[in-house]
Structures are given as structure tokens and as C-alpha cells.
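Student: I would like a close look at one part of this structure: a pair of packed helices, and how that part fits into the rest of the chain. Please take the geometry before the residues.

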Amino acid sequence: MLSMAGFWQATHISRQAEEDRMTGAFLLDASDRFEMVGRELDRSAGAVHALRNFFMASREVSDEEFRTFGQPVLDRRPELHALFWMPAEGTIDAPRFPVRQVATKDGSTLLLGQDLATEPDLRAALERSRDGGELVAILRPPLCSRIREQLCQLLILPVYAGAYDPADVGTRRASLRGFVMAGILPAKLLHQAVAGLEKRGVSLWLMERGGEGEARLVAHQRARLAAPLPPGLPPPPPPTEGRRLEKVHAIGGQALILIAAPAAGTDHYRAERPAWPWLVLAGGLFLTLLAFFHLRSLHRHALGQDALNRELEAEIGRHRLHERELEKVGRALQLIRTSNHDLIHADDEHRLLQRVCGNAVAHGYRLAWVGFAEQDEARGVRVVAVAGHDEGYTDGLALSWADVPRGRGRGPAGTAIRTGTTCVLGDLAVAPGFDPWREAALLRGYQALACLPLMEGGTAFGVLCIYAAEAGAFDAGEIDLLKELALDLAFGISALRTRHEHAVMEAQLEHQAYYDELTGLPRRAVFVREVGTALERARAHGGALAVMLVDLDNFKLINDTRGHPAGDALLRDVAARLRGAMPEGALLARLSGDKFLILLTCPEVEADPIEIIIERVAGRARAILRILEAPFLLSGAEIYMRASIGISRFPDHSENVDDLIRHADAALYLAKTCGRNGYRFYSSDISARQQRRLDLEGRLHRALAGGELHLLYQPIVELASGRMVGVEALARWRDPERGMISPAEFIPVAEDSGLIKPLGEWVVREACRQLAAWRAGGMETKVAVNLSVRQFGQGDVVEMVERMAREAGLPPALIELEVTESAMMLETGELEAQVRRMAEAGFSISLDDFGTGFSSLSRIAELPIHVLKVDKSFVDEMLTDRTRWAIVNTVIQFASHLGVHSLAEGIETAEQWAELHRLGCQYGQGYHFRRPSPAEDVEQIWRGGQPLPSAPAEG
């Protein structure tokens, strides 16, 4: 009986040991699969966070950029089947979330344009994500019809405008840009999990826990050796008894239950019943009397028990080793989770790098640092962030990524950067290529090292180095997770840099919108805002203010003749002078082109603020005109500029900002029509004058097309004999309603409106036609034609004049072209070149209005001039004003020394004629000889029918 009891006890112990061993093996395999499924779910969530960072780093993401980002993510994650972008459209109360961008594994675009907010379950999930600002996960039928799995899991994240999520629900809703979403196929995830268990046979169930404790089946997978399910048969429910392992994994507010059990139809984890106890029992029954056999059987039992114990100890050791491996993977996974949080909320690159390094140390690593690859000749590596037990270690690294034999670029960090691959040294005590740093590393307790490249566009721009305190620390699973961390960190750095570039660009665009790039002055928007503030203050305290509009006279000539670069340089100089002339509290802005706005305010004083502002503005206007009188130096040449100023006041003229600027513009027009180089205050009749000017411009358009213009000709007389030697062609306009309109009124309008080109061409053509008709009738004379400097900036004037003369059959010598002195002094480039071409073609060149500009006599001497014309303003008072007489005499003598003719304009008396002749002037014209006359009258003068006045007797 004792032997039987002993044998029965041995049988029980053996069976229990076998059962424990199989249970341990199953639990080890199942927990490993659970860890793998949970890790992959978290990685998929990390992919959605990375996609949100991508959209938050840029205002717009093109379809190509979306595919470039999404396709590699889909390729790395087998369980991901699609990534989506759904912008928020419509209103806050009635939002729409259509799919605008999608990337799928099979290339399907069936969802494009669909509004997912129309589906109740999706709309509720979107609203929870929007209001909570966090990841939301839901299970539902697949969105893409090409996907045949029963259920898919959607991960949803909101994207807001700005680097951080707003603080409250209302602000979140108002600043929502849209949603990023990823679709996960749980069946594929479980398929990956059981892929490594073909020889064991494990079934996995993924369940979703409901609100009342119930669970529904999401997916089911079992090892390949298990018997296949008959077609159409639903998967079996998970067992409630026997060997099973259950774990809950939470993601996006959703509780998923993972259940594992041995697969039906396999016996890998079944405990086998050993046969030897039964044989021993049978022998014992027959040999109970034989003590020898009884002792021998007891000895065998002891040996078997020892072997079983050793096997169990080995299994426990393997289990503990696996637990340590899981711990390593767990710390890497925790590092990714905490670092992803920092990546989402990062707004500074250095702080992000420092936080990631700090996270690595906090989760069990001994040291972590990030280095950037320098693009200098030495190809160094600059450490930009470090955390952990450094103790000066990183200061002495002296790293490089250059590929030099036996150089420091062959170390793990340099190799990782140069090759773009991860370098792992499991034992720093013996690792090859680590000699320069080995002693310092071991002294600080570093035993293993992983160097992970930070990649962008296929090129490494830096490296993340992590040190562990135990040798052999980095196994394959841990390295895979750290690679994910390096990918996320590299993307986060790129996103921050892109965001920073966008912020800089936005700041530049904002500055350009409010400040002039050329002069650095505020633009109109800033001026209007400041004037509005000043108006409110003036209304509240009874003050006054004035708006001044400064416009450069003839600035367009600079752009037309010298080019826009010269014009820009002049505007910068003018802005600098005006800025220096501003009193404290004034605001200077650039309106457009060559127009500048100035705001002057009057402080709250007991005296009348209107009188003070009038006096202050008038004094400031005079000061501005004075500072602009000094010549400007452009490319070594002196340029003289003048300005006109229009002024409006509050409260006299308006209480509105736009009206004040408009009234100042109207006053500016008055200042220009009154001779320029002055200032005018706004008055109520100015607007009427502006309307007349606009009306005149419209009438001039019709006059050119309707033949209302005609030419008159004023004789040019040889002063010595009184004989007519030529005529000057002068344009005249008779309007059907307004009658004769003075050239002094319509020529400036033509120049400002661009009509001077067709008007000038008409004058040259008509003068050539008339000259050809005179020649055909035997009348030989010359004709002088005025050219506006504006014509030189609107085409090839030389080609135009040559063509007109050629069409009329005239030799160039019979045509004299007049250019004003002020125009020639403004230009040393294109205009002068065209004038020289005219002279070389045989045309005579006269310099009109000589003495009224600011000529450099050396310049005049170099120009191809044939006639100097003394301006009428000097001739009028030469007999009563010695200064005027001296100017006339100087011009005549200067022409004589240059070897060119002199011609006086505006001769109205015989005394003027006689004195000019006495001074040596050769030619003249004016009312004393004949007013501008029709062509037939000039012909009569030539033929003697209408004689000119006789030459004065020499006294």
C-alpha cells in the first residue's frame, strides 16, 4: 500500500509540473503578443500625432506634400490602411468636414469630397475630439469600400490655428482648422501578432468594452496550424475557463480587451501524461515483497523530481530574461510617449531637444545628447542639447562626420550621420572604433551606446545618441522603438523650422503690408490708424491737427529718363531728409510713388489751436521746401528736385481721415497748377477745379480723335535784318463748348495723363506736313518743334521724328527740335543719348527756357546744342532790372563762346529788340514781330504780303 501511495503521489507531481510548465510557456507567448499589439497601437497613434504636427506647421498642405508625408507612414505600418485630412468648413453652428486629402494603401480615393459629419457616430466622435482637443478612437464599418475587414478603428485628432490648443471649448470651436484621421485594420494587427507563433497555436481575440460592461468582438486570429474555420462560420467566443490571458489597452478614450487562449485543434500547450508512473505502479504490485525494487523506484522518483525542478528553474530564468527585455522595450515606449507629447506642444527647437534628452534620462538611460552636422570644411558635429550624467563628457567629444581613415568621423556618431544608419555598440569596453572616447565613457558608467541619425529628405542633418548603464542594453525591439523616436524627433525639428520660417515670413509680410520696403516709412494703413487716434484725442480735448501731402515735382522724369533704380535711390534720399525735418510727435508716411503724408498735431493749449496749427504747418511746409532745394547726388551727377505740398486741417476741413487725405490731395493739385514748388491749404473751390481738370482730360481725348487741335506758327526773326528765317510750331486747341484752351492748361494735363505721346506725334507729323507743303510752293524755311521730356520715356523719339521727316520727304536740317534746359539737367543717360542721336541724324537741337534751371555749364558745353533760347521771363524786365539784363547778356556771351546761336523769346518792344541786337543776340521771336499765326498768314509774310516790323536803327 505504501508503494502504491508513493507511485500515485509521483504521478500527481509529474502531471502538475508539466501543467505548470505549459501554462508558463503559454503566458510568456501571450504576454509577448499583447505587448506587441499594444506597442503597434501606440505607434499608430503616434503617426496621427505626427500628421497633426505636419498640418500645424504649415497653413496650406498640397496634395503632393500630403502624399509625400503619408505614403512612407503607411508603408511602415501594415495595420494602417488610410490617412485623411478633413478641413472645417461651413459655420460653427453648422460645420462640414469633407475629406479633401486621403492616402490609402490601395490608392483608393473614393472618399474625396464626402462630408463625414453626416454620419451620426462619426459626427459625435469629431465633436468630442474638437471640444476635448485630444485623440478620439471609434470602431465602425470601414470607410473605404475596397476594404473587406469586418471593422476598422478610426483615430481622430483636431488641428487648430496656432501652435497651442486654445484654452476653452468656445475658443477651440472658433479656431478649429479641421481633423486628421487614420484608419487601422485590427484584423491585420492580430495577424501580425500570431505570425510568429506558427509552431505553437495561439488564438487572439480583440474585444471592445461597452458602456454596460458588455463586450463585442472586433477581430479574431489564430495560428496557422489550427484547423481552419468552415466558410461563413463566425469565430468562436473566447473561453471563460482554462488557460487564457486577458489585458485591457486604452487608446483615444476607447477600452480594448485583448484575450489569448490556446488555439482549438492544436496540442502545443497540452500537458502530456507521463507513462512511467503507471509502469512503476504495476511493477510495485508484483514486487511489493522485494524491498530492493521498492528502494530503487524511490531513487528514480527523486532523480526525476530533480530534473523537473531544474527544467522549471530554467524556464523561470527564461521568463525573467524575457521580462527584462520587455522592461527595455517598455522604457523605450514610455520615452516615445512622453516625447510625442513634447513634440505636439513644442514651440522652440532647443527646448524640444532638451526635453527629449531629459525624457531619455528620466526613463532609465544614463546620458542622451543631440548633435547637428556642420556643413563647414571640417564637417564637425555640434552638440546642441544634453541631459544625464555628462560631467564634461560631451565637451571633449570633438566629433566629426568626415570620412577620413582613423579619424573621429569613423566613430558611431559620425558614421550614423554620414551613412544615415543606426549604429549600436553593445559593449563600450571592447567596441571597435570607440578608442578616442572609451576611457571617458567607462569612467562615467556608460556601457552601451545607440546613435540614431536624424533624417530629412533622405539626408542626415544630426544624430541622437543614447547611452545605457548596462552592457548589451539595446536589443532589436528597443532599437526599433528608438528609431521611431528619431524619426518623430527629426520630423518635429523640421516642422518647427518650417513653422519658424512661416512665422518669419508672416512677420515680413505683415511689415511689408504696413511699412514701405524702399524707405522704411509707414504705409497708408498705419497713417490712417494714427490719424484716427489723433482725431479722437483732438475731439476729446479740443485740439487741432493737419494732414500734409508732399509730392515731388517732375519726379516721373527721373524714372522715365534715368530708370527706376535711380528713382528709388532718390526716394530714399528724400525720405531721409523729410524724416530729419519732422518735429517731435509728427508722423511721416509714404502714400505711393513720390507722395508722402505727414501728420502734425497741436497740443491742448489755452490759445486757439487752429491758429497754432496753421502757423506750425505753414512753417513746416516752408522748411520742407528748403531742405529739398539742395541738390541730390545720383551716380555722381547733381539732381535738383522741387516739391508741391497740399494741406488739410481738422476741424476746419473735415472730421474724417479719408476726407482729410482727399482734401490734402486736392490742395496739392492746386499747388502744382499754381507754379509748383509751393504749398496750398485746402479750400472749398479746389474740388471744383479738380473736376474741371478731369473734364479737361476727357475732352483732350476727344480732341485728339476729333480734329479739334491745330497748329499756329510764330516767326523766328534774324535780329540784324528783321528777316524771317524760320517758324516755331505751337499747338492750339479750340473746344466746341469752352472755346480756346491755353497750352499752359492742357499741356500739363497731357503730360500727367500720358496723352503727351500721341499729342507730340501729331504735332511733329502736322508740322512736317505743313513744311513739305511750303517747300512745294517754293517757300524755304525751318520749323522748330517742342518735345516734352515725357515723350522720351514713352518710346524711341528719334525713330518717330526720323520717320515723320522721311514720310514728308524733308531733310533733317530743316527741322529744329526743342528740349527744355530743366529736362536735360535731370538726365545724363537715355535722354541725352537720344538727343545725340538726333544731332547725328542732322536735326538741329535748341535748348529752350535757358537760364530758368540749375544748369552745370560744363554739362551744357558737352551737349550737342545748336541754339540757346533765352527765356521770356528774363527778356520781359531786362531794360528795368540790371540783374535780368546781366543774365541775358551772360547767356548770349556763353552761346557765342560755345559757337552756337542765341535766340531770345518774348520780344514785345522795339527797345528790347535793339538792346538784344546790341548785346549780340542773333535771333528772336515774340509779339513785337508777330503773334502765332495760321500757316497761310506765315506764307504771306514770307512772300511780302504781310511785312514784319523794320529793324530798329542802330544807335
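Tutor: In this predicted model, take the pair formed by α19 and helix α21 (residues 797-808), whose axes come within 9 Å and cross at roughly 30°. An angle under 35 degrees counts as roughly parallel, so α19 is roughly parallel to α21. The crossing of α19 and α21 is right-handed.

On the α19 side, the contact is made by Glu-761, Val-764, Arg-765, Cys-768 and Ala-772. On the α21 side, Met-800, Met-804, Ala-805 and Ala-808 take part. Sorted by class, the contact of α19 with α21 holds seven nonpolar residues, two charged ones and no polar ones.

The wider setting is a nonpolar core. The largest such core has 78 residues, and within that core Tyr-713, Met-838 and Leu-916 touch the most other members. Helix α19 (residues 756-776) gives the most to this core, with eight residues. A second, separate core has 49 residues, among them Met-36, Ala-50, Leu-189 and Val-202. In soluble globular proteins, nonpolar side chains tend to be buried together.

Met-838 deserves a closer look. Leaving out residues up to four places away in sequence, Met-838 touches Leu-787, Phe-792, Val-797, Val-798, Leu-817, Phe-843 and Ile-845. Two of these, Val-797 and Val-798, fall within residues 797-808, the range of α21.

Another helix pair serves as a reference. The axes of helix α12 (residues 524-541) and helix α16 (residues 657-673) also come within 9 Å, but cross at roughly 115°. Helices α12 and α16 are therefore roughly perpendicular to each other. Their crossing, too, is right-handed. From α12, the contact uses Arg-524, Phe-527, Val-528, Val-531, Gly-532 and Leu-535, and from α16 it uses Val-657, Asp-658, Leu-660 and Ile-661. By class, the residues of the contact of α12 with α16 are seven nonpolar, one polar and two charged.

For the chain as a whole, there are 28 helices and 32 strands. Of the 955 residues in the chain, 48% are buried. Among contacts with a separation of 6 or more, 65% are between residues 24 or more positions apart.

Methods:
Residues are numbered from 1 along each chain as its sequence is written. This is a predicted model: local features need pLDDT of at least 70, side-chain atom pairs count only at pLDDT 80 or more; totals for chains, interfaces and linings use all residues. Side-chain values use heavy atoms; hydrogens and water are left out. A nonpolar core is a set of buried Ala, Val, Leu, Ile, Met, Phe, Trp, Tyr and Cys residues joined through side-chain atoms within 4.5 Å. Buried means under 20% relative accessible area, exposed over 50%, partly exposed in between (1.4 Å probe, protein chains only). Helices (H or I, at least four residues) and strands (E, at least two) are DSSP runs, numbered from the N terminus. Contact means heavy atoms within 4.5 Å. Axes are lines fitted to C-alpha atoms, for helices over the stretch in contact, and angles run from 0 to 180 degrees between N-to-C directions. Angles under 35 degrees count as roughly parallel, over 145 as roughly antiparallel, 65 to 115 as roughly perpendicular and the rest as oblique. A crossing is left-handed if the near helix is turned anticlockwise from the far one by less than a right angle, and right-handed if clockwise. Ala, Val, Leu, Ile, Met, Phe, Trp, Tyr, Cys and Pro count as nonpolar, Asp, Glu, Lys and Arg as charged, and the others, Gly among them, as polar.
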